[in-house]
Every structure is written in C-alpha cells, then in structure tokens.
Amino acid sequence: MNNLFDSKSNVPKHIKGLDCNVKNCSYNDGECYCTAKRIHIGPISAQSTNETLCATFKPKQM
C-alpha cells in the first residue's frame with residue numbers, strides 16, 4: 001500500500017519528480033515540493049509550456 005502521509009506528522013509527502021516554485025500555494029511545503037494528493041494540469045488545448053496551468057493551486061491562508 002502506498003502511504004501518502006508522513007506517519008509522524010500526518011502531513012502529506014511530496015509528489016516525487018514534481019517541483020513547485022509557487023510559494024503562496026497551500027500545497028507547497030516551503031521547499032518547492034507539492035504535497036497535494038493529486039494534481040490537475042491543463043488546459044487540454046495547450047501547445048507549449050507557457051500555456052499550461054496547475055488547476056490544483058490553492059492560495060495559502062494568511
């Protein structure tokens with residue numbers, strides 16, 4: 001079974017191979033790792049990297 005949470009802190013582990021530079025996203029662990037359980041990237045019509053978006057983004061509560 002794949003455990004998505006750190007057993008000591010109950011904080012989601014980061015998604016391996018996925019870097020996130022969006023410091024104000026609630027899923028960013030502060031070290032450029034995404035801790036979302038799953039991500040959605042789109043739109044389906046993207047033709048280049050500049051046209052893609054992370055639809056999972058959720059702003060951190062200040």
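Reader: What makes up the lining of the largest pocket, by class?

Author: In this predicted model, the lining of the largest pocket has ten nonpolar, two polar and one charged residues. The space in this pocket comes to about 220 Å³. Among the 13 residues that line the pocket, Asp19, Cys20, Asn21, Val22 and Cys54 are the closest to its centre.

Reader: Why is Cys20 called buried?

Author: A residue counts as buried under 20% relative accessible area. Cys20 has a relative accessibility of 14%, and therefore counts as buried.

Reader: Why is Cys20 not said to form a bond with Cys25?

Author: A disulfide requires two cysteine sulfur atoms within 2.5 Å. The closest cysteine sulfur to that of Cys20 belongs to Cys25 and lies 5.4 Å away, so the pair is too far apart for a bond. Cys25 is likewise in no disulfide, since its nearest cysteine sulfur is that of Cys20, 5.4 Å away. A search of the whole structure finds zero disulfides.

Reader: Why does Cys25 count as buried?

Author: The cut-off is again 20%. The relative accessibility of Cys25 is 6%, and Cys25 therefore counts as buried.

Reader: How many of the residues in the protein, as a percentage, are buried?

Author: Of the 62 residues in the protein, 13% are buried. The accessible surface of the protein is about 5,400 Å², and carbon and sulfur atoms account for 53% of this surface.

Reader: What secondary structure does the protein have?

Author: The protein has two strands and zero helices. As for contacts between residues at least 6 apart in sequence, 25% join residues at least 24 apart.

Technical notes
Residues are numbered from 1 along each chain as its sequence is written. This is a predicted model: local features need pLDDT of at least 70, side-chain atom pairs count only at pLDDT 80 or more; totals for chains, interfaces and linings use all residues. Side-chain values use heavy atoms; hydrogens and water are left out. On a 1 Å grid over the protein atoms alone, a cavity is a set of points where a 1.4 Å probe fits but cannot get out, and a pocket is an open set with protein on both sides within 12 Å along at least five of seven lines; lining residues have an atom within 4 Å of a point. Grid points are joined across faces, edges and corners, and a volume is the space filled by probe spheres set on the points. Ala, Val, Leu, Ile, Met, Phe, Trp, Tyr, Cys and Pro count as nonpolar, Asp, Glu, Lys and Arg as charged, and the others, Gly among them, as polar. Buried means under 20% relative accessible area, exposed over 50%, partly exposed in between (1.4 Å probe, protein chains only). Helices (H or I, at least four residues) and strands (E, at least two) are DSSP runs, numbered from the N terminus. Contact means heavy atoms within 4.5 Å. Accessible areas come from the Shrake-Rupley method with a 1.4 Å probe; for residues, only the protein chains shown count as cover.
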